[in-house]
Amino acid sequence: METKCSSTHIDPALVAALADLAEENELRKDAYGNEYLWTRLVVPTDLPHAAAILRAHNARLCTVTALSQNIFAPEPVLCLDYHFDVCGAVVSLITPLDPSENTVPTITHLFLNADWPERECAELYDLHVEGNTNPERLFLADEIDQGILNEVIPLSIMMNGACTTDMWEHITALNLGTAPHSVFPKPEGPAENWPPLVKREKSVQASPLPGLTDEQLGHGEKSAKAEKKAGKSEKTATAETPAPEAVAASTEEGQA
Amino acid sequence: MSESTLTTTYTLPIGPVHVALEEPIYFRLTLDGETVRKIHITSGHVHRGMEGMATQRNLFKNTTLTERVCSLCSNSHSLTYCMVVETALGMTVPLRAQYLRVLAEETKRLSSHMFNTAIFGHNIGFTSLFLHLMEIREHVQDIKETLYGNRMNLSTNCIGGVKVDLDASLITYMREKLDMVEPSLRMALKLFQTDAIAAKRARNVGILSPDKAREYGVVGPVQRGSGIAEDIRRTTRYLVYPDLDFEVITEDGCDVLARALVRLREALQSIRLARQCLDALPAGPLHEPLACIPETEAVARSEAPRGELVYFIRTNGTDTPARLKWRVPSYMNWEALTVMMKDCQLADIPVIVNSIDPCVSCTER
């Protein structure tokens, strides 16, 4: 079909055809005079019909946007916006979704390049794209649940480093033996009598906690090597391994 | 190895980390001897959740965030992001700022295209070509560093205009640099058009017919290398592109060589556009103040070095966007690799992958 579209003028026939399927049909312009048509469909099952109309006008699918109230909450997607280029103008099909079904029909039979956007929406927002013949994962690994990025921890918070003090407190608890999976036995007596944590200095090897063997600390292999080395050169070994008093003094300085 | 073993079909994994790949992506190839029969692409290794991060920052901070989606087309991201905010808020950018934005865009395009064609030389073992193109590109890097203070992220775009102005001495400096780049670039273009080694490795390799290009919705030099004359700078009105004189470059070869030639010829067009901007740069303010933020949604597009870049925003009346979504050019071009690489030789894979100028960082966001 010949279309009379340009970036500044969307074919009235196209606007009228989409209006028949639309709950709302709004034309807007930007500061440069480009026209944008925003068409809100009534039901998601109208999507293939609307896409077929656009294909007849030589449209090209640009992208698909999933919209929800809060993208970090495990809640259903409200709608999918399909953005098309029609000879320079942009037509956006706003497709509302039924939260109980969270299903949208595929348009890959009309626009082959809808495959990646559909698969991305499916796995990141836990949607079901009905009829997509290539439902393999795009970004997430197969063993990860769909939509999991909204459920575990917002990646943005992780990337910001804004993970509170929980992680460090957990490590501290592990070192003190208060955490459930600690490799260290819990020191006896009241907490104020527990040995202080040892600060690791570059020039000094970490001092073992009192009463713990190298095997318990996982240093057994290193220790054996050190002994072997010490056998070869007692003088060298003494220089590299500071006396326990020196380690303790260094630790106290570090804590101070 | 016996002949029967060589002709057996087998699966070869390439990536996610591999010497032939600049960024992590995983290809599972089905090969018949040395011939590729089937390609399966798995992505997601550098997904950073940037769209989610954008909804936790205000509109100003997102200019900085979006400029870091990608390094080679960083300016296009901040530009298109600013354009989509300006569209949503109904703002008009001053004319001087529009010229300066075009200048920054074309400088980045020039640099990006030269980098990609240089990498082509590297991929085919034509080291002197790689070094020559990178040496020419260094002049463009000098332009960026001198005009904007950075070699990659120019940080010139802001909502409502630009932050970096040019005085007479900087304009003269850029003119001189462009005069140095152009003859060298023309020489490189001639080399690509005539050199037997380049032709041997790039002609009739990675074929993407115009029909397939339309079917897969590819964009940018990949699309124009298949003979389709579509360029957002021409099909859509934005900035001062409608007032500038330039040619939408196409090549009919539909192969790796055609895509490389499109980029080199487009680089020359970028020089042409930059000179027009320097000649016609009007006086006036650099930016407009921020308008009131309504509850609305908007779309903006630009022609980034790799093709059409789309930004969508939904605002909720606050200074933090309710949703910011972008679709990068590489996102549309990846799937076309399954067509380009089908029945190609294993050794051609790096050349074909490079011909779409892929950006994993962009794709996964």
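This report looks at helix H3 of chain A, a cavity it helps to line, and the contact between chains A and B. Keep in mind that the model is predicted.

Let's start with the helix. H3(A) runs over residues 115–125 and is mostly covered, with eleven of its eleven residues buried. That list takes in charged residues such as Asp115(A), Glu118(A), Arg119(A), Glu120(A) and Glu123(A), and it also includes Trp116(A) and Leu124(A). Right after the helix comes Asp126(A), which has a positive phi, near 60 degrees.

Now for the empty space. The structure holds seven cavities of 30 Å³ or more, and the second largest has a volume of about 60 Å³. Two or more lining residues each come from strand E3 (60–67) and H3 of chain A and from strand E8 (323–327) of chain B. H3(A) gives the largest share, five residues. Both chains appear in the lining, with Val64(A) and Tyr125(A) among the residues from one and Glu51(B) and Lys325(B) among those from the other.

Here is how that lining divides by residue class:

| Class | Residues in the lining |
|---|---|
| Nonpolar | six residues |
| Polar | one residue |
| Charged | four residues |

Finally, the two chains themselves. On the chain B side 50 residues are in contact with 45 residues of chain A. Together the chains bury about 3,800 Å², 56% of it on carbon and sulfur atoms. Within chain B, Arg237(B), Arg323(B) and Tyr331(B) lose the most area to chain A, together 15% of what that side buries. Arg323(B) also lines the second largest cavity. There are three salt bridges between the chains; one of them joins Glu230(B) to Arg60(A), with the closest N and O atoms 2.9 Å apart.

Methods
Residues numbered from 1 in each chain as written. Chains lettered and ligands numbered in written order. Predicted model: local features only at pLDDT ≥ 70, side-chain atom pairs only at ≥ 80, totals over all residues. Heavy atoms only, no water. Buried < 20%, exposed > 50% of the residue type's maximum accessible area, 1.4 Å probe, protein only. Helix = DSSP H or I, 4+ residues; strand = E, 2+ residues; numbered from the N terminus. 1 Å grid on protein atoms, 1.4 Å probe; cavity = no way out; pocket = protein on both sides within 12 Å on 5 of 7 lines; lining within 4 Å. Points joined across faces, edges and corners; volume = space filled by probe spheres on them. Contact = heavy atoms within 4.5 Å. Buried area = accessible area lost by both parts, 1.4 Å probe. Salt bridge = Lys/Arg side-chain N within 4 Å of Asp/Glu carboxyl O.
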